[in-house]
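Work through the following exercises with the sequence and the coordinates open side by side. Each task is followed by a solution that proceeds step by step.

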Amino acid sequence: MTHEYDVVIAGAGPAGSAAAAVLAGRGLSVALLDRRDFPRNKLCGGLLTWKTRQILERVFGPGVLDGVADHASDRYEIFHWDRLLAAGRSPEPFVLVKRRVLDLRLLELARARGAAFFPGRTVAECRPERGELATAGGEVFRGRYVIGADGAGSVVRKCLGADREAWRKGLAGALEVFLPREAVPGAVDHPRLYAGCVDKGYGWVFPNSDGVVVGLCGLLRSGSDFPQLLRKFLDFLQISDAVRPRPHGHPLPYGNHLKTPYGGRALLAGDAGGFVEPLLGEGIFYALTTGRYAAEAVLEALDHGGEPGPAYARRIRRVLVPEFRAADTLRWTLFALLRGVGPGLMGGAVRLFSGPLVQAVHGLRSYRFLLPKTWD
Ligand SMILES: Cc1cc2nc3c(=O)[nH]c(=O)nc-3n(C[C@H](O)[C@H](O)[C@H](O)COP(=O)(O)OP(=O)(O)OC[C@H]3O[C@@H](n4cnc5c(N)ncnc54)[C@H](O)[C@@H]3O)c2cc1C
């Protein structure tokens, strides 16, 4: 059975729903396929920065987070194990959400604009030259264009023949547990980051309304035993064995964005294209932004002719890649400082620049020389 649409999208996470909302909002027929039905869980810290809230409102309209924002705090702390390296107030609050709730809201808003949602459709193959997605159930969805927003394990990316070796080199493993608040001694109301608990990565403790998310991530090529590192981190946080749920893991692109995120009539957005900032692993903003850019490149091609892929890649190179590069340089500098001179001096450097650094995390400044940043 073949379904025909203007645009077919694999994956209904933030990247897919953002692309669908923009395209359907302009009157195009859009099919949004996901292997799961919604609401569905997605492993994530659920931390939204200022720039994420801006893009959410821009794409989905004001009030998008009403009833979705779960917790907020303008405070933060950064530790090396039990040593406090930096703490302070942020110019904008960090907002915490549950992805189960956020992703459902975004999908509902895309559907309200006319996107057709097909749950339970596992994309098994993409034929980029024909603009087709074939599902494991034998259906074919054909569009004038395809957007691959099917996450870190993207089938669309694999069908475009992306370099698997380069992809694996920049891939991180991430593990998380969700705990009731009373299970975490001294649990606080603001996000805490921990250096030192993972080689080439970090740990986090994020509060929300009814619990605490504890997790860590690090580059897979470090060869670390992540479950063992998480156990050690939970021991350090004095979380009793009796209340520890089984951790869940998920791959996280961590410095491996694709230079050519397109092929044939297909464009890759979000984790599928590796669009995650490589210092903290922030990905929701980049998923929404590349979903929007992909949709706008398609609209431009339909209105004025030409291929959307090169224009899409140019925009990413101009606006996002400088941030990824600078964040990458910063993380390797911090890892080297930690290894070379220890947490004391590394903490001193973080403390010295903590104000502009926090602004860079929110997107009020660029990671490039911590200069003021404007997004397009
Ligand atoms: C442990 C962890 C913590 C994180 N914490 C944060 C954080 O606090 N803040 C932040 O900004 N970012 C965080 N991130 C990153 C963030 O979760 C991702 O960057 C973001 O979810 C990417 O959105 P996406 O739409 O590209 O992909 P996803 O959110 O992964 O959505 C992809 C969708 O595609 C579907 N799909 C996958 N394969 C197929 C298929 N074959 N066929 C059909 N559908 C398919 C999936 O079911 C899913 O719904 C974290 C990541 C991890 C792993």
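**Exercise 1.** In this predicted model, describe how helix H9 and helix H10 pack, and state which residues of H9 meet which residues of H10.

*Solution.* Begin with the geometry: H9 spans residues 321–340 and H10 spans residues 343–352, and the two pack at an angle of about 145 degrees with their axes 7 Å apart. Next, list the residues in contact, where Leu334, Leu337 and Leu338 of H9 meet Pro343, Met346, Ala349 and Val350 of H10. Finally, sort this contact by class, which gives 7 nonpolar residues, no polar and no charged ones.

**Exercise 2.** Identify the residues that touch the most other members of the largest nonpolar core, and examine the contacts of Phe60.

*Solution.* The largest nonpolar core has 55 residues, of which Ile9, Leu23, Leu56, Phe60 and Tyr312 touch the most other members. Helix H7, residues 284–304, gives the most to this core, with 12 residues. Turning to Phe60, and leaving aside its neighbours within four places in sequence, one finds contacts with Ser17, Ala18, Ala21, Leu106, Leu109, Arg113 and Leu288. Apart from the largest core lies another, of 32 residues, among them Tyr76, Tyr202, Leu219 and Val276.

**Exercise 3.** Determine how many residues surround the ligand, and which are the closest.

*Solution.* The ligand is surrounded by 38 residues, the closest being Asp34, Gly45, Arg99, Val123 and Asp271. For the polar contacts, consider ligand nitrogen and protein backbone: a polar backbone atom of Gly45 is 2.9 Å from a nitrogen atom of the ligand, a backbone N or O atom of Gly283 lies 3.1 Å from a ligand nitrogen, and for a polar backbone atom of Asp150 the distance to a ligand nitrogen is 3.5 Å.

Methods
Residues are numbered from 1 along each chain as its sequence is written. This is a predicted model: local features need pLDDT of at least 70, side-chain atom pairs count only at pLDDT 80 or more; totals for chains, interfaces and linings use all residues. Side-chain values use heavy atoms; hydrogens and water are left out. A nonpolar core is a set of buried Ala, Val, Leu, Ile, Met, Phe, Trp, Tyr and Cys residues joined through side-chain atoms within 4.5 Å. Buried means under 20% relative accessible area, exposed over 50%, partly exposed in between (1.4 Å probe, protein chains only). Helices (H or I, at least four residues) and strands (E, at least two) are DSSP runs, numbered from the N terminus. Contact means heavy atoms within 4.5 Å. Axes are lines fitted to C-alpha atoms, for helices over the stretch in contact, and angles run from 0 to 180 degrees between N-to-C directions. Ala, Val, Leu, Ile, Met, Phe, Trp, Tyr, Cys and Pro count as nonpolar, Asp, Glu, Lys and Arg as charged, and the others, Gly among them, as polar. A residue is near a molecule or strand if one of its heavy atoms lies within 4 Å of it. A polar contact is a pair of N or O atoms within 3.5 Å; within protein, one must be able to donate a hydrogen and the other to accept it, and residues adjacent in sequence count only if both atoms are side-chain atoms.
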